[in-house]
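Please look over the sequence and the structure shown here. The text below them is a guided reading for someone who has not met this structure before.

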Amino acid sequence: MRTAYSVESVRAGERVVMDRGPEGVLMQRAAAGLAAECARLLGKVYGARVTLLVGSGDNGGDALYAGARLARRGAGVSAVLLAPERAHTGGLAALRAAGGLVVGADEARAEGVVARAGLVVDGIVGIGGRGGLREDAARLVAAVRDAVVVAVDLPSGVDADTGEVHGDAVRADVTVTFGAYKPGLLIDPGREYAGVVRLVDIGLAPADLGRAEAEALQFADVERLLPVPGGESDKYRRGVVGIVAGSERYPGAAVLAVAGALRGGAGAVRYVGPAADAVIARFPETLVSTGPPSKAGRVQAWVVGPGLGEDAERLGEVLAADVPVLIDADGLRLAGERDVRERRAPTLLTPHAGEAAALLGVAREEVEAGRLSAARELARRYGATVLLKGSTTLVASGEGPVRVNPTGTPWLATAGSGDVLSGLAGSLLAAGLDARDAGSVGAYLHGLAGRYASEGAPVGAHDVANAIPAVWREVGRPDRG
Ligand SMILES: NC(=O)C1=CN([C@@H]2O[C@H](COP(=O)(O)OP(=O)(O)OC[C@H]3O[C@@H](n4cnc5c(N)ncnc54)[C@H](O)[C@@H]3O)[C@@H](O)[C@H]2O)[C@@H](O)CC1
Ligand SMILES: Nc1ncnc2c1ncn2[C@@H]1O[C@H](COP(=O)(O)OP(=O)(O)O)[C@@H](O)[C@H]1O
Ligand SMILES: [K+]
């Protein structure tokens, strides 16, 4: 599991280590890790032009000490000080002693020094930053030409706790982060600004950090969670997933949800609704019926909503069932907050940003700019688990860290791919995963299936469904390399 911690937790953890060790040791470890990454990116340090953008806090201190290390190895290092009177004293002395140059941000030279750099180190602000880049910093950052940009701890201007960006922020190629990932490095838009993230161990132990704020499943976590049939399994023990989706107008949504469900680990897929003919024509193994869901037979989890139209009656019946329910698409619009909150069995809501915005009564852009708070707020209001889809897919429930999906590709932004995800995650629910695991494992497999199917070319949603077994095989192989 890749875990991310809030600024408050990171600061608490740092205090524990500082109390144990000599002063300044954390910053020296941070600077050593940062310098090593810069050297790796440069290839040849001797003769390289490195420009440090240095703010008023310890983030600037890290940059200055790392710059000193690079200067000692023969790089031409210049520091541009955004607040000369408040720049880290020790770091400044170290840089000067190593032969580095220092200029103020308001000097005409400063922009030239940035423009000529081969590598720019962003030490403007770290976890102490508030809001976007101020004007002087933004002007300097805009002067970067061909340089590789390395952010210290996190790109300045990105909110460490949420990934929100209010105003300008540094766009880094690489972010060297210290002690622990911060949620803002995993969640868009912050994630995109961070580029490749490298974690430097500065001696913070998980026990010193407390509760994680966000976490991303890795291959091994998903492998552990995948439902695998045993010798005694039969189709009912493996779970039956019921799909209430599609309409005369949108039969395709039913077919795609079933396509996802058939690859999601349940032993059988029931389809209930007006698209039964279309479903059976494509997937003869589906158990179809056209009557009410309550008469459809045994079901361990329901998926309701894709292409459902205005069928509030079927939705109501599904919500009344005492098994886990995944609500997607039209179902989200039709389901009342209270009806969901009062359910006794778990509910998983899977909105995209537009749907989440409608449920919250805000603009879509607001959800996209603040994914974490939108997902958390919906989970709170509905008393449910919420899978918020999009460039970063999040799974939030009332308690525990928010799951951030590390897979996926923008090629998944294609009509019907959400229907495949709802079937897939619903199938995992029926197979016995809890709502958080079903949502996050579903998103993981779906994201990888999107990559496998696409390989950089446009794909249809059915291609994504077809790629799920190959992904499953790869993830489920304990002996993989
Ligand atoms: N605390 C520790 O033990 C360690 C801290 N480290 C570094 O220290 C950083 C945190 O240092 P600080 O707490 O000094 O805080 P920062 O250096 O992140 O920034 C705080 C300073 O920036 C100013 N500021 C805030 N928002 C700004 C904005 N939008 N534009 C311009 N200036 C702004 C504040 O007035 C304050 O002076 C970490 O991100 C990390 O890089 C590392 O050296 C590892 C050890
Ligand atoms: N920019 C993006 N990057 C990665 N994944 C994306 C992006 N945009 C959409 N997706 C994914 O594509 C799928 C689209 O689902 P959805 O919006 O419900 O589409 P539909 O309703 O057409 O099925 C979701 O899994 C979502 O997370
Ligand atoms: K920074």
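The paragraphs that follow go from the domains to the core, then to the two ligands, and end with some local backbone features.

The model is predicted. Its chain is divided into domain 1, residues 2-214, and domain 2, residues 219-475. Between the C-alpha centres of domain 1 and domain 2 the distance is 40 Å. The two domains meet through 11 residues of domain 1, which are in contact with 11 residues of domain 2. On the domain 1 side of this meeting, five residues are nonpolar, two are polar and four are charged. The UniProt record, in an unreviewed entry, places the feature "domain: YjeF C-terminal" at residues 218-475. Over residues 218-475 the chain is 48% helix and 13% strand, and the C-alpha atoms at the two ends are 10 Å apart.

Where does the largest nonpolar core lie with respect to domain 1 and domain 2? This core has 167 residues, and Val-80, Val-121, Ile-243 and Val-258 have the most contacts inside it. Both domain 1 (2-214) and domain 2 (219-475) give residues to the core, so it lies between them. Val-121 can serve as an example of the packing. With neighbours within four places in sequence left aside, Val-121 is in contact with Cys-38, Val-50, Leu-52, Leu-53, Ala-63, Ala-66, Gly-67, Val-150 and Val-152.

Next come the ligands. Ligand 1 is surrounded by 26 residues, of which Gly-57, Asp-58, Asn-59, Gly-126 and Gly-128 are the closest. The elements giving two or more residues to this shell are α1 (7-20), α2 (25-42) and α3 (58-72). The largest share, four residues, comes from α3. Sorted by class, the shell around ligand 1 holds 11 nonpolar, nine polar and six charged residues.

Around ligand 2 there are 18 residues, and those that come nearest are His-352, Lys-389, Leu-412, Ala-413 and Gly-418. Here the largest share of the shell, again four residues, is given by α20. By class, the residues around ligand 2 are six nonpolar, 10 polar and two charged.

Two of the residues nearest to ligand 2, Lys-389 and Gly-418, also appear in a UniProt annotation. That record, an unreviewed entry, places the feature "binding site" at Lys-389, Gly-390, Ser-391, Thr-392, Thr-393 and Gly-418. These positions are spread over 30 residues of sequence but cluster in space, with a largest C-alpha distance of 13.9 Å.

Is Gly-418 buried or exposed? Gly-418 has 26 other C-beta atoms within 10 Å, and a residue with 20 or more counts as buried, so Gly-418 is buried. Gly-418 lies in helix α20, residues 417-430. Beyond residues up to four places away in sequence, Gly-418 touches Asp-328, Ala-329, His-352 and Lys-389. Thr-393, another of the annotated positions, lies in the loop between β16 (385-388) and β17 (394-396). Thr-393 is also buried, because 29 other C-beta atoms lie within 10 Å. Its contacts, apart from neighbours within four places in sequence, are Leu-387, Leu-388, Asn-405, Gly-408 and Ala-443.

Ala-329, one of the residues that Gly-418 touches, is in the loop between β14 (325-327) and α15 (330-334). Most residues other than glycine have a negative phi, and most peptide bonds are trans. Phi of Ala-329, however, is near 45°, a positive value. Ala-329 is buried, with 24 other C-beta atoms within 10 Å. Glu-455 also has a positive phi, near 45°, and is found in the loop between α21 (435-454) and α22 (461-475). Glu-455 has 10 other C-beta atoms within 10 Å and is therefore exposed.

A cis peptide bond, with omega of about 5°, joins Asp-188 and Pro-189. Pro-189 is found in the loop between α7 (183-186) and α8 (190-194).

Lastly, Asp-208 shows how parts separated in sequence can meet in space. Asp-208 is in helix α9, residues 206-209, and is partly exposed, with 19 other C-beta atoms within 10 Å. Asp-208 and Ala-12 are 196 residues apart along the chain, while their C-alpha atoms are separated by 7.2 Å. Asp-208 touches Gly-13, Val-16 and Val-17, not counting residues up to four places away in sequence.

How values were computed: Residues numbered from 1 in each chain as written. Chains lettered and ligands numbered in written order. Predicted model: local features only at pLDDT ≥ 70, side-chain atom pairs only at ≥ 80, totals over all residues. Core = buried A, V, L, I, M, F, W, Y, C linked by C-beta atoms within 7 Å. Buried ≥ 20, exposed ≤ 12 C-beta atoms within 10 Å, placed from the backbone. Domains from an automatic or database assignment. Contact = placed C-beta atoms within 7 Å. Near = placed C-beta within 6 Å. Nonpolar A, V, L, I, M, F, W, Y, C, P; charged D, E, K, R; others polar. UniProt positions renumbered as here; feature names shortened; annotations may be inferred.
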